[in-house]
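This report looks at one protein model, going from the whole chain to a few selected places. Please keep the sequence and the structure in view while reading.

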Amino acid sequence: MAELRRTDGTRSCLLMTEHLVGRGPQCALRLSASYVSAQHALIRWDGRAWELLDRGSRNGTLLNGVALEPGRPSRLFKSSQICFGHTDECWQLVDAGEPQIMAVALDTGQALLGVQGLIGLPSSKLPQCTLYVDPDGVWKLEQANGELESVVDGQIIEVAGQQFRFCCPSSTSSTEKLTLAPQNGAPTLHFAVSSDEDFVELSIEYPERKVALGSRSHNYLMLTLARQMLADRAASVPEGSCGWMDKETLADGFKITPQQIDGEVFRIRKHFAQHGLPESATIIERRPRTKQIRLGICQVRIDRA
């Protein structure tokens, strides 16, 4: 992934497809020195390589010691050195790889990478919303209340008082790696529960194969949702209403907060994505405009280990 680093080692940033540099609030890399212009320079990916343009800055931009002509793009290579307005503001392109899918905090410049097709905002530890790629390759923003919307490259997302810019290159190898192959036939979630319920082994079974998912702490949340689904079916609840549980009720039962339930949901999805399973985005469903969640797989089996 492309990384720009200050030559004194004090700062670095991962490059978005179009990375504006300057003092202005709209800049992805904000530099406070007075010799830097509001919109000083632009670093962008042209589909094959990185290039640098001076935006008509007052004090100019140097590339490997040579002043750039404003508005004329110059090719960047790994180890290229760039000075914005003064040699004291010198940066080096330490990695010239393709831009990555990520969400960048506008205030700090911190980049959250789209690992396994998931990004938790404002963090993966306590996500208040989730960015994920659906089976059709479309990135979606899921709010904690279940509302969904498609997101596009460059879109600004506000979460917990912070703003993030979503970066989604239209054609990169990382995008292709996030495409999850569909399976034939509806899968079954199989829970093997120890007699004291201290261990819950999970696997997902397709008609042609079985994937062991091991024992994880978040498996017990899935087991709880699976039991609710089976109990609702036994009570002849309509299928569309089966299995829904309120996050606050779940949180009380687990003696954690509803926000920590959201964190568990994120970790469940990440675990499925790490195994390349197409159900990673839908393994937990959220009921729109409510605080209810349920399993996204209808067929479940629970056995004693």
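## The largest pocket

The model shown here is a predicted one. The residues that line its largest pocket are of mixed character, since six of them are nonpolar, four are polar and three are charged. This lining is made up of 13 residues, and among these Met16, Glu18, His19, Gly154 and Arg165 lie nearest the centre of the pocket.

Two strands take part in the lining with at least two residues each, namely strand S3, which covers residues 18-22, and strand S19, which covers residues 162-167. The space in the largest pocket comes to about 170 Å³. Rolling a probe the size of a water molecule over the atoms shows where empty space is left.

## The protein as a whole

Four helices and 26 strands are found in the protein, and its C-alpha atoms fill a box of roughly 75 × 40 × 30 Å when this is taken along the principal axes. Of the 305 residues in the protein, 47% are buried.

The protein exposes a surface of about 14,600 Å², and 48% of this area is supplied by carbon and sulfur atoms. Among the contacts with a separation of 6 or more, 49% are accounted for by residues that stand 24 or more positions apart.

## An aromatic pair

The count of aromatic pairs comes to three. In one of them, the ring centres of Tyr220 and Phe254 are 6.0 Å apart and the ring planes stand at 85°, so the pair is edge-to-face, as planes over 60 degrees apart are counted. The pair links distant parts of the chain, because Tyr220 belongs to helix H2 (residues 219-234) and Phe254 to helix H3 (residues 247-254), with their positions 34 residues apart in the numbering.

Are these two residues buried or exposed, or something in between? Tyr220 counts as partly exposed because its relative accessibility is 27%, and Phe254, with a relative accessibility of 27%, also counts as partly exposed.

## A buried cysteine

Cys242 is found in the loop between H2 and strand S23, which covers residues 245-246. Because its relative accessibility is 0%, Cys242 counts as buried, the limit for this being under 20%.

Which residues does Cys242 contact, if its neighbours within four places in sequence are left aside? They are Met229, Asp232, Arg233, Val237 and Arg294. Ile101, by contrast, is 141 residues from Cys242 in sequence and 35 Å from it in space, taken from C-alpha to C-alpha.

Notes:
Residues numbered from 1 in each chain as written. Predicted model: local features only at pLDDT ≥ 70, side-chain atom pairs only at ≥ 80, totals over all residues. Heavy atoms only, no water. 1 Å grid on protein atoms, 1.4 Å probe; cavity = no way out; pocket = protein on both sides within 12 Å on 5 of 7 lines; lining within 4 Å. Points joined across faces, edges and corners; volume = space filled by probe spheres on them. Nonpolar A, V, L, I, M, F, W, Y, C, P; charged D, E, K, R; others polar. Phe/Tyr/Trp six-rings, centres within 6.5 Å; stacked < 30°, edge-to-face > 60°. Buried < 20%, exposed > 50% of the residue type's maximum accessible area, 1.4 Å probe, protein only. Contact = heavy atoms within 4.5 Å. Areas by Shrake-Rupley, 256 points an atom, 1.4 Å probe, with all protein chains shown as cover.
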